[in-house]
Every structure is written in C-alpha cells, then in structure tokens.
Amino acid sequence: MTALLEVEGLVKHFVAARSVFGRPTAYVKAVDGVSFTVEAGKTLALVGESGCGKSTVSRLVLRLIEPDAGIVRFEGRDLGTLGANRLRAFRREAQIIFQDPYASLNPRMTVSQILTEPLALHDLVPAARRRERVEELLRLVGLEPRFARRYPHEFSGGQRQRIAIARALAVEPKLIICDEPVSALDVSIRSQILNLLHDLQNRLGLAYIFVSHDLAVVKHIADRVAVMNLGGIVEIGDAEALFAEPRHPYSRALLSAIPVPKPEAKRSRIVLEGEMPSALNPPSGCRFHTRCPYVIARCRTEIPLLLADGRRHATACHRIAELPAPGAIVPADGGFSPVLEQLVAAFSDGTEAAGRAGVDMSDTRPPAVRS
Ligand SMILES: Nc1ncnc2c1ncn2[C@@H]1O[C@H](COP(=O)(O)OP(=O)(O)O)[C@@H](O)[C@H]1O
Ligand code: SF4
Ligand SMILES: [Mg+2]
C-alpha cells in the first residue's frame, strides 16, 4: 500500500545575505535532505528545537514554497508535476493550522463567513445548505452553532483554535498539518485541543503532521516521530519505540529534558556541551557533533546516513552500535549547562522560542492558506 504522503530528499536553502550586486553570499540551510512518509489516518510528529526547519518542511509539503530539490507525492502523485487545476484540488486534500489562530483568522469576518468561504470557493455545498454545514462544522469542533454570528475577537485562544480547525475541516481534507497548534495556548487548554484533534482523527480518518518543539505534547498523539536537528532528520521511528528507547544522542537529550511526572522514575538529564550552532553555518559532518557527548574524529568530517533497522526505526549516527543502552546513560556529573538550559526551555516553554538560529525569524510565518 502506498502511503498517503511521501517526501523524498527535500531541500530548501534561503538566501541570507547578498553582495551589493545582488549575488547571494550566504544561505540558511533550512531543510537539507528530509525524507519521510505519512500513512492515511495516522500522525507523524515532527519535533526539534526552534529554527530546525519544521515550518519550512510544512510549507514545502503543501507547496506554499518551492523546494530546491526533492519530491513530495500525495496519493502517489508527484506534486511538482501537477498543473494549476490539480494543485488546487490538492489544496483541498491538505490543510494547515498554525500556532496563533488569531493571526490566521480574518478579524473582520464572522465565524459563519470564515467557514463559508472555503465551501463557496470549492463549490462544496449548495448555497442553500451552507448554513447547515457551518453549524455542523461548529458542532464537530465542540462549539455552539449560535457562535456563527460572532467575530474572532469574541473568543478565547482555545475557541479560536477550534474555529481554525473547523475551517480546515470545511473542505474535508485527508491531511492536516498542525504547526505548533497548542504552543500559544494555556496549559489547561492544551489537552482539550489535543483531545479534539485525536477525536477528529478517529471519526474522520484524518492524517496529521504534528509539528512541535515540545516532545511532551506529541507523546499521546503521535504514531510515528521524526526528530529534526538543523535541517535534517536524525531519528525516525514508531512513537512507542522512540519514547521508550530513543537511540540518537540528540533524541536522548531532548527526552531527558521532559519533566517526568513520577519522582521515583526520575530521569537523569543529559548535559550537552558546546554552542547551539546555526543553520546559517551548520557544522561539517554530523551536524550534532559540536554538542554531542559521544563525538569522535569521524563525526566532524563524515555525514552519518539515516539508516533503518528491520522495524522502520532509523537513526543517523556513526556510533549507534556502540552507544550505551538508553536506560544506562551515565549523567554528566549532575551539572546543568547553559546549553541544556536552553534546550529544556525550548522544550517546555509555552511559546516557541524565536530566532535562536541567528537569523531574523520575524518574516517566516507562512502565508495563510487560501485553498
Ligand atoms: N523566508 C525565509 N527566509 C530566510 N530564512 C528563513 C525563512 N524561513 C525560515 N528561515 C530560516 O530557516 C530556518 C528554519 O526555520 P523554520 O522552518 O521556521 O524552523 P522551525 O519551524 O523549526 O522553528 C531558520 O534558521 C529560519 O531563520
Ligand atoms: S555521529 Fe557522532 S557526533 Fe553525531 S550523534 Fe553520532 S556520535 Fe554524536
Ligand atoms: Mg515553526
């Protein structure tokens, strides 16, 4: 069976600086050879620190931006070869919701207008039935139909995210990319939205790419997890296996930063040494080598391949066979380096930490999808 979505060797480099003659002099290697698949009705979580390329992957998958290289196939069709009409049809099949629903909902439109727009655009429901469909969509996301006449500012953050979800559902998509959908919400509201997404998946058979800088958030929703570092996937596997036994040193460090609810099960935090490198000038060889506690000479020159075992669990590390078992990692003498502190903050913070990659992130918000 072919997967719903297949991504192969995606590359996107942004020009970061130009000479006075306009010639590019520096590139941000935002996405540098990313491959994965998403099965129908399943969730792939894409996790990694702010700036590692998650949102760029999302925009590439939806063809909101063109890749420099690589292929995206949806239901077996290469999106790069689709004409305008078929690309429009694809825009119905795949939707996106963002971290800040307020920014993606037009403040001058009522909820009814917001939800009717995609129905009219794709000519999905006859005009006479649209009101009914709007009410149906609101109920589907746990909002009362009478809210249809209100404006976005009249709602709480969690309710606005429900409206954004309803708008994505209006076109009956098969895939929704959720880009940090709960990062801006109060902790108390987060699980409600996560439960809603999970419930909708079961009812409607949706597939998700769930993007998050917070591993704890994806734990209960992911079927597969891909861990990204500086534009590349360092480990990908079934969620259960990856959470139980993370293999890549980077995944292990990220997992060790998640607070454990039971004190007796307390994990030792792994201290990462060295500076947080930038996608503007990524390290040679293994991009994690400046922070890896297990680094050897080979890591500085040779890029490790993402190699899978028999259970579709793939890891990109030269020393994978020699690393200690995940349960037996010796903590680096109890310290708490500034680098790890940043890491922990990035993975437990309410909102996404911005701009740590040394490049202005203020204009990186993807355009709202007008599908
Ligand atoms: N339009 C753009 N122009 C230049 N650099 C960009 C642009 N969009 C993203 N970047 C850079 O690409 C890298 C990856 O960004 P992004 O995909 O937003 O990461 P994430 O979503 O994981 O935080 C960052 O270094 C970011 O500054
Ligand atoms: S390849 Fe080397 S530097 Fe990279 S994660 Fe493995 S041991 Fe660490
Ligand atoms: Mg992002």
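This briefing walks through two sheets, a helix pair and a ligand shell. The model is a predicted one. Its strands include an open sheet of 8 and an open sheet of 4, and helix 1 packs on the 8-stranded sheet and also on the 4-stranded one.

**The 8-stranded sheet**

- If you trace this open sheet from one edge to the other, the strand order is 6-7-8-3-9-10-12-11, with mixed pairing.
- The edges are taken by strand 6 (94-97) and strand 11 (307-308); each has a single partner strand, so one side of each is left without a neighbour in the sheet.
- Strand 11 runs antiparallel to strand 12 (residues 314-315), and 2 bridges join them.
- To find this pairing on screen, look for Leu307, which stands opposite Thr315 in strand 12.
- Helix 1 (residues 54-61) packs on this sheet, where it touches strand 3 (43-47), strand 6, strand 7 (175-179), strand 8 (207-212) and strand 9 (224-229).
- The direction of helix 1 makes about 150° with that of strand 8.

**The 4-stranded sheet**

- Here the order is 2-1-4-5 in an open sheet, and the pairing is antiparallel.
- Strand 2 (24-38) and strand 5 (77-78) are the edge strands, each with a single partner strand, so one side of each lacks a neighbour in the sheet.
- Within the sheet, strand 1 (residues 5-18) pairs with strand 4 (residues 69-74) in the antiparallel sense, over 5 bridges.
- A handy landmark is Leu5, which stands opposite Phe74 in strand 4.
- Helix 1 packs on this sheet too, touching strand 1, strand 2 and strand 4, and its direction makes about 120° with that of strand 1.

**Helices 6 and 7**

- The axes of helix 6 (residues 157-169) and helix 7 (residues 187-204) come within 10 Å and cross at roughly 15°.
- Because angles under 35 degrees count as roughly parallel, helix 6 is roughly parallel to helix 7.
- The crossing of helix 6 past helix 7 is right-handed.
- On the helix 6 side, the contact is made by Gly157, Gly158, Gln161, Arg162 and Ile165, which meet Ile189, Gln192, Ile193 and Leu196 in helix 7.
- By class, the residues of this contact are 4 nonpolar, 4 polar and 1 charged.

**Around ligand 2**

- The residues around ligand 2 include four cysteines to look for: Cys286, Cys292, Cys299 and Cys317.
- Also around ligand 2 are Pro249, Phe288, His289, Tyr294, Val295, Pro304, His318 and Arg319.
- Sorted by class, this shell has 9 nonpolar, 2 polar and 1 charged residues.

Conventions: Residues are numbered from 1 along each chain as its sequence is written. Chains are lettered from A and ligands numbered from 1 in the order in which they are written. This is a predicted model: local features need pLDDT of at least 70, side-chain atom pairs count only at pLDDT 80 or more; totals for chains, interfaces and linings use all residues. Axes are lines fitted to C-alpha atoms, for helices over the stretch in contact, and angles run from 0 to 180 degrees between N-to-C directions. Angles under 35 degrees count as roughly parallel, over 145 as roughly antiparallel, 65 to 115 as roughly perpendicular and the rest as oblique. A crossing is left-handed if the near helix is turned anticlockwise from the far one by less than a right angle, and right-handed if clockwise. Two residues are in contact if their C-beta atoms, placed from the backbone, lie within 7 Å. Ala, Val, Leu, Ile, Met, Phe, Trp, Tyr, Cys and Pro count as nonpolar, Asp, Glu, Lys and Arg as charged, and the others, Gly among them, as polar. A residue is near a molecule or strand if its C-beta atom, placed from the backbone, lies within 6 Å of it. Two strands pair if DSSP finds at least two bridges between them.
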